[in-house]
Amino acid sequence: MKILVLNAGSSTQKNYLYELEKGPLNEMSPPLWSGKIDWSRQEGMAEIEVKSGNQKLAETRPSESREKAIASLLETLWQGKTQAIADPSEIDVVGHRIVHGGEKYREATLITPEVKSAIAHLAKLAPAHNSANLQGIEAVEKILPNVPQIAVFDTAFHADLPLETVVYPLPYEWYQQGIRRYGFHGISYQYATQRTADLLGKPLESLRMIVCHLGNGCSLAAIKNGKSVETTMGFTPLEGLMMGTRSGSIDPGILIHQMRSQQFTVDELDSILNRESGLKGVSGVSSDMRDIHTAIEEGNERAKLAFDMYVHRLRLQIGAMLPILGGLDVLVFTGGVGENQSSVRSGACEGFEFLKLHLDPHKNQNSPTDADIATIESQVRVFVIQAQEDWAIARECWHSLTKNQSYTQSSF
């Protein structure tokens, strides 16, 4: 079965083609083809990278609509030097990461007009993502009109959060209207927790974990008995940690004050909080942690402040989850920043010596992948897990299709 995965972020579009066979899917299969578009590095430009076997394509083009960019990228899958299949008809199913599924969608779901409508409706809660997810769905509909598409929801992993976590301290009627904590990055958490348990050789249900998903978007999740019991993102992906361009949690009185004193509109505040805050807003340099470190090395004090705030808030939220878990067996870092920034990992772990958590400095610096970077004596294991959201989406599609053979174009 050939599965095409579209993973749309706020500033990137990552696509992968996997071929999965019958049988258990315990080991990750490398993709036959991968393609990425990054709009974040150069304003008005799109950086494109494609890989198929030993063939690679890398170029920078003037930015175009997401739908057109996806169409152009997918064409490299069946033509040109990065061709991986002879014809688009070889694709059996397309899986999409959908950030917000609301209360209704708790598992991988065949995309229908009703599901598309729900994704569009929920875009107001995840404006940087659901709209991009929907554009990917519509681009595929035009290119592969007869191929079933499946939505895999980031919110599904947090579907069983306890009520005291879900309900906000607001008028209860608001909760009844759907204003509640949903949580995000669930696809990443599901993979990272199981992968960590497998590496430890222990049942997932036996471990108390805190997982740090750190990328342009950032969140934490506390995992107990194999389930999410607390997470930092809430009603939208804006709540919680300081992020690349998002503020994370702030005093809501600030917004009321700015609306009254500066006459900011709702749309202006939405743009500021989601696109002009976080690392970018404080540093004035960039939302990219690599650029922040470069600026720090050049003596930029605002970049240093942004980094210190980022780590402080990360450490604070890790600490807040400890009593909910009743202790900690494993701390996990994943996502682009979590995997590649040793200074973020070491900074986050400072102050937790009382848990007898001790990093091995050499292991931490040595570009670890799917590895334990704690010392032998540490009573808390610390893992760096390579994010594999795309493989997890492909696996969810495989499970969904094997349960519902009527979705598929052909048997496999």
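Leaving aside its neighbours within four places in sequence, with which residues is Glu389 in contact? The tour below leads to that residue by way of the whole chain and its sheets, in a model that is predicted.

**The whole chain**

Begin with the complete chain in view. It contains 15 helices and 14 strands, and its C-alpha trace spans about 55 × 55 × 50 Å along the principal axes. A compact globule of 412 residues would have a radius of gyration near 22 Å, and the value of 21 Å for this chain agrees with that. If the display is coloured by burial, 52% of the 412 residues count as buried. The accessible surface comes to about 18800 Å², of which carbon and sulfur atoms contribute 49%. Among contacts with a separation of 6 or more, 64% are between residues 24 or more positions apart.

**The six-stranded sheet**

Next, select strands 9 to 14. These six strands form an open sheet of mixed pairing, in the order 11-10-9-12-14-13. Strand 11 (227-231) and strand 13 (371-372) are at the edges with a single partner strand each, so one side of each has no neighbour in the sheet. Now restrict the selection to residues 330-334 and 381-384: strand 12 and strand 14 pair there in the parallel sense, over four bridges. Within this pair, Val332 stands opposite Phe383 of strand 14.

Add helix 6 (residues 186-200), which packs on the sheet and touches strand 9, strand 10, strand 11, strand 12 and strand 14. The direction of helix 6 makes about 130 degrees with that of strand 9. Then add helix 13 (residues 342-349), which also packs on the sheet, with contacts to strand 9, strand 12 and strand 14. For helix 13, the angle to the direction of strand 12 is about 155 degrees.

**Strands 2, 3 and 4**

Move to residues 33-38, which make up strand 3; five of its six residues are buried. Strand 2 (residues 12-19) runs antiparallel to strand 3 and is joined to it by six bridges. Strand 4 (residues 45-52) also pairs with strand 3 in the antiparallel sense, over five bridges. Lys36 is a useful residue to select here: Lys14 stands opposite Lys36, and Lys36 stands opposite Glu49 in strand 4. In the hairpin of strand 3 and strand 4, six residues lie between the strands, and Gly44 takes a positive phi near 80 degrees.

**The annotated positions**

Finally, select Asn7, Arg97 and Glu389. In an unreviewed UniProt entry, "binding site" is listed for Arg97, and this annotation also covers Asn7 and Glu389. Asn7 and Glu389 span 383 residues in sequence, yet their C-alpha atoms are no more than 8.2 Å apart, so they gather at one spot.

- Asn7 lies in strand 1 (residues 2-8) and is buried at 2% relative accessibility. Beyond four places in sequence, Asn7 touches several residues, including Thr12, Lys14, Arg97 and Glu389.
- Arg97 lies in strand 6 (residues 93-98) and is buried, with a relative accessible area of 8%. Its contacts beyond four places in sequence include Asn7, His129, Asp154, His185 and Glu389.
- Glu389 belongs to helix 15 (residues 389-403) and is buried, with a relative accessible area of 8%. To settle the opening question, display Asn7, Arg97, Ile187, Ser188 and His213: these are the residues in contact with Glu389 once neighbours within four places in sequence are left aside.

Technical notes. Residues numbered from 1 in each chain as written. Predicted model: local features only at pLDDT ≥ 70, side-chain atom pairs only at ≥ 80, totals over all residues. Heavy atoms only, no water. Pairing = 2+ DSSP bridges. Helix = DSSP H or I, 4+ residues; strand = E, 2+ residues; numbered from the N terminus. Contact = heavy atoms within 4.5 Å. Axes fitted to C-alpha atoms, helices over the stretch in contact; angles between N-to-C directions. Buried < 20%, exposed > 50% of the residue type's maximum accessible area, 1.4 Å probe, protein only. Rg over C-alpha atoms; globule rule 2.2 N^0.38 Å. Areas by Shrake-Rupley, 256 points an atom, 1.4 Å probe, with all protein chains shown as cover. UniProt positions renumbered as here; feature names shortened; annotations may be inferred.
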